[in-house]
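The following paragraphs lead through the structure shown here, beginning with the criterion for one kind of side-chain contact and ending with the pairs that meet it. The fold and its central sheet are taken up in between.

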Amino acid sequence: MIMARVYMSIATMKNKTQLAHELQSQLKESQRALGDATADADLNHSVAEKIKAMGQLLSKAKEQLYDCKLVTGKLRAMLQSADEQVRSLKKQSMFLSQIAAKTIPNGIHCLSMRLTIDYYLLPLEKRVFPRRENLENPDLYHYALFSDNVLAASVVVNSTIKNAKEPEKHVFHLVSDKLNFGAMNMWFLLNPPGKATIHVENVDEFKWLNSSYCPVLRQLESAAMKEYYFKSDHQTTGSSNLKYRNPKYLSMLNHLRFYLPQVYPKLNKILFLDDDIVVQKDLTGLWKVDLNGKVNGAVETCGESFHRFDKYLNFSNPHIARNFDPNACGWAYGMNMFDLDVWKKKDITGIYHKWQNMNEDRVLWKLGTLPPGLMTFYGLTHPLDKSWHVLGLGYNPSIDKKDIEKAAVIHYNGNMKPWLELAMTKYRSYWVKYIKFDHPYVRGCKLGE
């Protein structure tokens, strides 16, 4: 078929219209016969005759038209055109997957709306969670979860409690935004996590989190940042930059992880969890891990050469080159044990503010929380055993099933979140099993379909 296209082009160029017409006709026949087949076994028995006819026509074309230089030139042009098409399609595919990753499915939007309405119809005295005295008890196991996705947050809490040996000792500190605050409260009032303690707060109520104190908030409110997000010409950015234009980077929920001691001043240790994870084992062993005076306990992510610092930071900038090793190992956000006492002693939030202020024009890193996290906790991160946290279920189709099943936490980092249609089917069951599909709100929003 490729050679038929080459000869058809040469025949047209040399005014051999009858031969060009025959080649075009045979090409259409071949395309119809091939259809969507991806293997010989998929082909119809009549294809053999069509292959024979095409072979005879190509022999005839070769006799009349073959010119080594001309044929080579045409093949090279076709190859270049195909390469350009592949690049364009990859870029388009990346753009569409980024768009899909930003969307909230109708079912989850419906769930949030229904829960919100019902929450604000509740009398004030019924909006209170029990066991408030546990919220500042340093002898219990405390979790920080910042999310605007009710269904995702429910899976994190549900999976943690179901796999906990002593659920009554677990305390969940959930922070949402004002749009989802009512829905989060209503869900956990209706579905309390057994004997565990839960508390929901609204990030917009943290009055200390303002643009005069918080550099990233000041930057997010700037005209330049709004221009970058909402008015930039997407045609010139390339697919790699699209990921940094995700609205999640505009949310203070995403940056709240740098203010844990301010949010929880009475606690000395807290386990930070992303909302795209599933807990599969009891996590209390993490509180017993000796962080050796470090602030952050995290699983390292670097292999031979990837996920090292030079992947995330701009080492052509002298501030980066002077202060960091390009081959230093990256680590994962998503399940992090933070020692808040050491955090305060080392003034981690101050270090974060220093780097964030220097990145006003995004010259040190693009956007997001991992690059400033790597910089802020540089030399202050203790590597955890990899079985605590297995990553990549949102982008890597070839994770070993054994690694997934022995992991304490699995993480759907990447675009293919388990609540989206583009999720990888092979990994979805680990997440879905913690959803209460028989719940009236879940059924009413058709989330099981």
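A salt bridge is counted where a side-chain nitrogen of Lys or Arg lies within 4 Å of a carboxyl oxygen of Asp or Glu. Under that criterion, a search of the whole structure finds eight salt bridges. The model is a predicted one, and three of these pairs are examined below, once the fold has been laid out.

The chain comprises 449 residues, of which 47% count as buried. Its secondary structure consists of 20 helices and 10 strands. Among contacts with a separation of 6 or more, 77% join residues that are 24 or more positions apart. The exposed surface of the chain amounts to about 23100 Å², with carbon and sulfur atoms supplying 52% of it.

Towards the start of the numbering, an unreviewed UniProt entry places a "coiled-coil region" at residues 13-40. In the model this span is 68% helix and 0% strand, and its end C-alpha atoms lie 34 Å apart.

The sheet comes next. Seven strands form an open sheet of mixed pairing, in the order 3-2-1-4-7-6-8. Strand 3 (197-202) and strand 8 (381-383) each have a single partner strand, so one side of each is left without a neighbour in the sheet. On average, neighbouring strands of this sheet are turned by 25 degrees against each other, direction ignored.

At the edge formed by strand 3, the pairing with strand 2 (residues 170-176) is parallel and extends over six bridges. Within it, Val171 stands opposite Thr197 of strand 3. Two helices lie across this part of the sheet. Helix 6 (residues 150-162) crosses strand 1 (141-146), strand 2, strand 3 and strand 4 (269-273), and runs at about 175 degrees to strand 2. Helix 7 (residues 181-190) lies across strand 2 and strand 3, at about 165 degrees to strand 3.

Strand 4 has partners in both senses: strand 1 pairs with it in the parallel sense over three bridges, whereas strand 7 (residues 335-339) pairs with it in the antiparallel sense over five bridges. Phe272 takes part on both sides, as the bridge partner of Ala144 and as the residue opposite Asn336 in strand 7. How much of strand 4 is covered? Five of its five residues are buried. Lys269, Leu271 and Leu273 point one way, while Ile270 and Phe272 point the other.

The salt bridges can now be placed in this framework. Arg32 and Glu29 meet at 2.7 Å, N to O, and both belong to helix 2 (residues 17-34), three residues apart, or about one turn of the helix. Arg32 is exposed, with a relative accessible area of 60%, whereas Glu29 is partly exposed at 27%.

The salt bridge between Lys266 and Glu136 has an N to O distance of 3.6 Å. This pair links distant parts of the chain, 130 residues apart: Lys266 lies in the loop between helix 12 (260-263) and strand 4, and Glu136 in the loop between helix 5 (106-121) and strand 1. Lys266 is exposed at 53% relative accessible area, and Glu136 is partly exposed at 47%.

In a further salt bridge, the closest N and O atoms of Glu360 and Arg218 are 3.7 Å apart. Here too the pair links distant parts of the chain, 142 residues apart, with Glu360 in the loop between helix 16 (348-358) and helix 17 (370-376) and Arg218 in helix 8 (residues 215-220). Glu360 counts as partly exposed at 35% relative accessibility, as does Arg218 at 33%.

Notes:
Residues numbered from 1 in each chain as written. Predicted model: local features only at pLDDT ≥ 70, side-chain atom pairs only at ≥ 80, totals over all residues. Heavy atoms only, no water. Helix = DSSP H or I, 4+ residues; strand = E, 2+ residues; numbered from the N terminus. Buried < 20%, exposed > 50% of the residue type's maximum accessible area, 1.4 Å probe, protein only. Contact = heavy atoms within 4.5 Å. Areas by Shrake-Rupley, 256 points an atom, 1.4 Å probe, with all protein chains shown as cover. UniProt positions renumbered as here; feature names shortened; annotations may be inferred. Pairing = 2+ DSSP bridges. Axes fitted to C-alpha atoms, helices over the stretch in contact; angles between N-to-C directions.
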